[in-house]
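This report describes the architecture of a single protein chain. Individual backbone features are treated first, followed by the fold as a whole.

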Amino acid sequence: MIKEKTNTTLTFEDFKIEVLKDYTTAMISRECSLLGRKEVLTGKAKFGIFGDGKEVPQLAMAKVFQNGDFRSGYYRDQTFMMAIGELTIQQFFAGLYGHTDIEQDPMSGGRQMGGHFATHSLNKDGSWKNLTKQKNSSADISPTAGQMPRLLGLAQASKIYRQVSGIPNSSNFSVEGNEIAWGTIGNASTSEGLFFETINAAGVLQVPMVMSVWDDEYGISVHARHQTTKENISEILKGYQREHNTNGFEILRVKGWDYADLIATYEKAATIARENHVPVLIHVNELTQPQGHSSSGSHERYKNADRLAWERDFDCIRQMKLWMIAINIASPEEIEAIDAQAKKDVLEGKKAAWNAFIEPIVEEQKELVALLQKIADSSSNKATILKFIADLSEIKSPLKKEILVTARKVLRLIQNETGKEELSQWITAYIAKTQKNFSSNLFSETDLNVFSVKEVLPIYDEDAKEDTDGRMILRDNFDAIFTKYPETLIFGEDAGAIGDVNQGLEGMQEKYGELRVADVGIREATILGQGIGMALRGLRPIAEIQYLDYLLYAIQIMSDDLATLRYRTVGKQKAPLIIRTRGHRLEGIWHSGSPMGMIINAIRGIHVLVPRNMTQAAGFYNSLLECDEPALVIECLNGYRLKEKMPMNYGEFKTPIGVVETLKQGSDITLVSYGSTLRLIQQAAKELLEVGIDCEIIDLQSLLPFDVNQDIVKSISKTNRLLVIDEDVPGGASAYILQQIIEQQDAYHHLDSKPQTLTAKAHRPAYGTDGDYFSKPSAEDIFEKVYEMMNEVNPSKYPSLY
């Protein structure tokens, strides 16, 4: 670590070597940005967003970034990643080209545009690496400020590891809670609500978080005067400055071109956060954008001549050069030599990345051309096929798409010829080989996935009666969970002192402490972020969102961050977060929505579990803690005081995930639903039986995954009729359920009647008992819908009701 004004730790020669090393890294990064933009403009890469102008402050941050620390950042942090040894020139360009080999592009295997960085937290089998032995970066996302909530959880994990004892394998994740979570963001993105929500939460929680704001006065083309009050984020956050006997932040300001002051500032910030667990905000201002926002436009369009001249003068690398010359670190000639070598190294790295990317595709191009040439020789469409061959051969830098398009178009020409089978097999094999490079790892592909957990039935006393409130079953099961898994913790609005609004956590805070069973503020996005960050560091958090409707505050974080995490790192990171909420029927527009269609389509990559009672829900929690995948569990709001049998094996019984349950056998029609609505269906089925209609009732139990054993189609093969009943809006979850049954399970083969749905009205449910009755499916609606379908089958036996 550099101590610039003293030689007690470093000689001047040592200091000089360190500074020159930093300058070399900065120049390599700058050359990568400059050449990267050219690669986009010449068409080799699709889009470029680079870290030029931010190099020097990132060097300072890298100097105090230690093993075990985590970054949650902004897509301009390439210099930082290079400085900590986690990004090479070749890897930088591999990401720019979208190389799908995770060894070539370890950031995302070509799944994200360049500038999005990650390190690998997992071994090949999905088990954790020792994260304290490496420098860590959580995987970036593009949505502006979306990295902030996760940052909070990464920092909170250090607090948990420092203050909670008995966590197994904690030495793989923390050394006495000394790790810092380092956040970075552009100044314009501090306008986002997620930034302010996270800043507030970090100040409340007092966690070791250092937040760097890279301030170049612009957000794309929009000046700071349109972004930030007083055009100064640290100025308007002064109220967060910690004072005697208060919580809050330490707020530091530093110019982004001042190498020596940057190092001193980051050393101070690291000491405060690491030792005292006080969050720090570093406002790094007077930064520049030498190439503008991205390769999609030029900043000359929106910056005046004075600003452009200032940016040239105060470019952080130029200022570092002047400082190095002034204090005799290097002569102008030595600096020029470093610059020239950086250009050479970047050019060579770029060429190596391009060759590694394009050569395998060229080989595939040649392979197809040879096959098509053989096919053309005996084809009646020889001339047309030769034209396809010529066009494909002329492409000097082919894409896989162009190869496959050619093969598929030729296949149409030889449907009755001898070459069809060979070309068909080639296409099938090519797609199988290639598709996984773009579609793998949406869910866990390790032995720790949800399907590895075997069902364990609840065990009941011989005299057990249905006389226990459902909420007590949840409570006692959580008690068993917290004892069995010391790494498990739960937090949410009202989850702590009062034991949640429905008393499912009654007494748990008193027994397990305020860190493991915690109240939090009204801030759903950062509740999710706390969970994501802590799960990334080996804890097993349960993030509670008080009501299903409030999930909308957090849906962006769930969708863009948690749901894509395993996918966008090609299985190199995981966050097995459990999200607990409650929903479906209660009272009024804001507390009884079931926006399931929106949820299941927004969060592919997260399992969605919809238990009808609290024993099922408890079993889901037990199952999820045995695997390594994130999930949303939606408890039934009107089920906490309904009576259930009390199990004897709390913490051990496990509800299978992706498996449906047949609640009633029947022969006339299959009724499919989930959650609270099933009780109404069971009531209607009894009444239908009285008029001779025998319904089979299937509880989906989970929407993602969906009926992995395909039991629904087995039922339909017997009844030949299907009704999906759902309290979501028309075309919501019911459309997804129908698609899975009709298209994925091919149930249409067995249907003698049109498959139908019965849903809620298109509006939000109105208030009160009557509001519920006229907004969502009732027992009478279900009875009449089934009866109507049977009337079509046998009108004489079931005459029309209306």
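## Backbone features in the loops

Glutamine 710 is partly exposed, its relative accessible area being 33%. The model is a predicted one. Within it, glutamine 710 occupies the loop that links β20 and α23, and its phi is positive, at about 55°, although the residue is not a glycine. The loop between β20 and α23 (711–719) also holds proline 705. The peptide bond between leucine 704 and proline 705 is cis, with omega at about 0°.

A second glutamine shows a positive phi. Glutamine 503, which is not a glycine, has a phi of about 65°. Glutamine 503 belongs to the loop between β10 and α16 (508–512). With a relative accessible area of 24%, glutamine 503 is partly exposed; the range for this class begins at 20% and ends at 50%.

## Overall dimensions and composition

The chain contains 26 helices and 22 strands. Its radius of gyration is 30 Å, close to the 28 Å expected from the globule rule for 802 residues, so the chain is as compact as a globular protein of that length. Along the principal axes, the C-alpha atoms fill a box of roughly 100 × 85 × 45 Å.

Of the 802 residues in the chain, 59% are buried. Among contacts between residues at least 6 apart in sequence, 78% join residues at least 24 apart.

## The seven-stranded sheet

Seven strands form an open sheet with mixed pairing, in the order β11-β10-β12-β13-β15-β14-β20. The edges are taken by β11 (517–519) and β20 (702–704); each has a single partner strand, so one side of each is left without a neighbour in the sheet. On average, and with direction ignored, neighbouring strands of this sheet are turned by 20° against each other.

At one end of the order, strand β10 (residues 488–492) runs parallel to β11 and is joined to it by three bridges. In this pair, isoleucine 490 stands opposite valine 517 of β11. Helix α21 (residues 614–624) lies across four strands, namely β12 (540–544), β13 (578–583), β14 (607–609) and β15 (631–636). The angle between helix α21 and β15 is about 165°.

## Nonpolar cores

The largest nonpolar core comprises 90 residues, and the members that touch the most others are Phe93, Trp182, Tyr266, Ile282, Met324 and Leu423. Helix α11 (residues 332–377) is the greatest contributor to this core, supplying 16 residues. Both domain 1 (12–115 + 127–330) and domain 2 (360–438) are represented in this core, each with at least three residues. Another core, of 88 residues, lies apart from the largest one; its members include Ala139, Val164, Ile185 and Leu722.

What surrounds methionine 324, leaving aside its neighbours within four places in sequence? Methionine 324 is in contact with Val19, Leu20 and Tyr23, and also with Ile329, Ala330 and Ile335. Methionine 324 is itself one of the residues that touch the most other members of the largest core.

How values were computed. Residues numbered from 1 in each chain as written. Predicted model: local features only at pLDDT ≥ 70, side-chain atom pairs only at ≥ 80, totals over all residues. Heavy atoms only, no water. Core = buried A, V, L, I, M, F, W, Y, C linked by side-chain atoms within 4.5 Å. Buried < 20%, exposed > 50% of the residue type's maximum accessible area, 1.4 Å probe, protein only. Helix = DSSP H or I, 4+ residues; strand = E, 2+ residues; numbered from the N terminus. Domains from an automatic or database assignment. Contact = heavy atoms within 4.5 Å. Pairing = 2+ DSSP bridges. Axes fitted to C-alpha atoms, helices over the stretch in contact; angles between N-to-C directions. Rg over C-alpha atoms; globule rule 2.2 N^0.38 Å.
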